[in-house]
Amino acid sequence: MTAQVSAAAARPTSLLTHPAGIEDMLDYQLYLLYRDCGYVIERLCQAEFGVSRRRWRILATLSIAEGITVSDLSKRAELDIAQTSRAIGTLAREGYLKRLANRKNARFSQVILTEKGRSLYHSMFARFCQVNKQLLRDLSEDQVQHLCTAISILRNTATQLNASRSLHTPINSK
């Protein structure tokens with residue numbers, strides 16, 4: 001895989017704007033990056049902490065928004081409601097979170113972390129910060145800043161494309 005990554009990195013950037021094949025497409029390159037980084041995080045989640053990446057996302061989301069409903073949690077974690085409900089059930093059985101029932105309407109029960117859940121989140125977050133630094137170690141501060149800017153621009157453009165009435169209608173290009 002290293003040779004593939006090096007070969008892709010050595011390609012002129014113009015291949016992203018004028019792709020010769022799928023391997024030159026932005027979405028494919030981002031998918032490969034997500035996949036490769038995801039493998040690192042998934043392995044870490046399972047090997048060191050015994051939880052899936054999806055459950056990690058639930059813990060991390062709850063750490064900043066405790067007491068929200070399952071549907072709000074699903075939206076914030078960007079998971080579908082069924083995935084979120086299953087993950088919550090597993091995490092509750094394992095003692096990492098609790099559901100606080102709403103007597104008037106069960107759909108509005110709140111989800112909170114337990115002390116065990118907070119402890120797991122803090123341990124995982126500290127470890128993932130180390131991995132994050134390792135993933136970025138070969139980039140200069142300036143390159144990291146450019147990467148952040150590029151990601152922001154790409155996400156904004158993707159949001160505009162998704163909101164447009166038709167993908168056949170081009171967005172104003174610069």
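Throughout these legends, buried means under 20% relative accessible area, exposed means over 50%, and partly exposed is anything in between, using a 1.4 Å probe and protein chains only. The model is predicted, so local features need pLDDT of at least 70 and side-chain atom pairs count only at pLDDT 80 or more, while totals for chains, interfaces and linings use all residues. Residues are numbered from 1 along each chain as its sequence is written, and side-chain values use heavy atoms, with hydrogens and water left out.

**Figure 1. The whole chain, with its eight helices and three strands.** Helices (H or I, at least four residues) and strands (E, at least two) are DSSP runs, numbered from the N terminus. Going along the sequence, you meet them as α-α-α-α-β-α-α-β-β-α-α. The chain has 174 residues, and 25% of them count as buried. About 12,600 Å² is exposed, with carbon and sulfur atoms supplying 55% of that area; accessible areas come from the Shrake-Rupley method with a 1.4 Å probe, and for residues only the protein chains shown count as cover. Take a contact to be heavy atoms within 4.5 Å. Among contacts with a separation of 6 or more, 45% link residues 24 or more positions apart.

**Figure 2. Inside the largest nonpolar core, a set of 27 residues.** A nonpolar core here is a set of buried Ala, Val, Leu, Ile, Met, Phe, Trp, Tyr and Cys residues joined through side-chain atoms within 4.5 Å. I58, L62 and M124 touch the most other members. Two or more residues each come from α3 (26–49), α4 (53–64), α5 (70–77), α6 (81–93), β3 (110–113) and α7 (115–136). Helix α7 gives the largest share, five residues. Zoom in on I58: setting aside neighbours within four places in sequence, I58 is in contact with L73, A77, L79, T84, A87, I88, L91 and L97.

**Figure 3. The open three-stranded sheet, in the order β1-β3-β2.** Two strands pair if DSSP finds at least two bridges between them, and the pairing in this sheet is antiparallel. The edges are β1 (68–69) and β2 (97–100), each pairing on one side only. Two bridges connect β1 and β3, and four connect β2 and β3. You can pick out the partners: I68 bridges to V111 in β3, K98 to I112, and L97 stands opposite L113. In a regular strand the side chains alternate between the two faces of the sheet. On β3, V111 and L113 make up the covered face, with Q110 and I112 on the uncovered one.

**Figure 4. Around S109, in the loop between β2 and β3.** S109 is buried, at 8% relative accessible area. Not counting residues up to four places away in sequence, S109 touches I68, T69, V70, R99, L100, A101 and N102. Also in view is D72 of helix α5, which is partly exposed at 32%. D72 and Q110 are 38 residues apart in sequence, with their C-alpha atoms 9.6 Å apart.

**Figure 5. Salt bridges between and within elements, from a total count of six.** The rule asks for a side-chain nitrogen of Lys or Arg within 4 Å of a carboxyl oxygen of Asp or Glu. R127 and E48 meet at 3.0 Å, N to O. R127 sits in α7 and E48 in α3, so this pair ties together parts 79 residues apart in sequence. R55 and E94 meet at 2.9 Å, N to O. R55 belongs to α4 and E94 to the loop between α6 and β2, so parts 39 residues apart in sequence are tied together. R55 is buried at 15%, whereas E94 is partly exposed at 30%. E115 and R118 form another bridge, at 2.9 Å, N to O. These two are three residues apart in α7, or about one helical turn. E115 is exposed at 61% relative accessibility, and R118 is partly exposed at 26%. Shared partners join E66, E115 and R118 into one salt-bridge network.

**Figure 6. E78, a positive phi in the loop between α5 and α6.** Most residues other than glycine have a negative phi. E78 is not a glycine, yet its phi is about 55°. E78 is exposed, with a relative accessible area of 62%.
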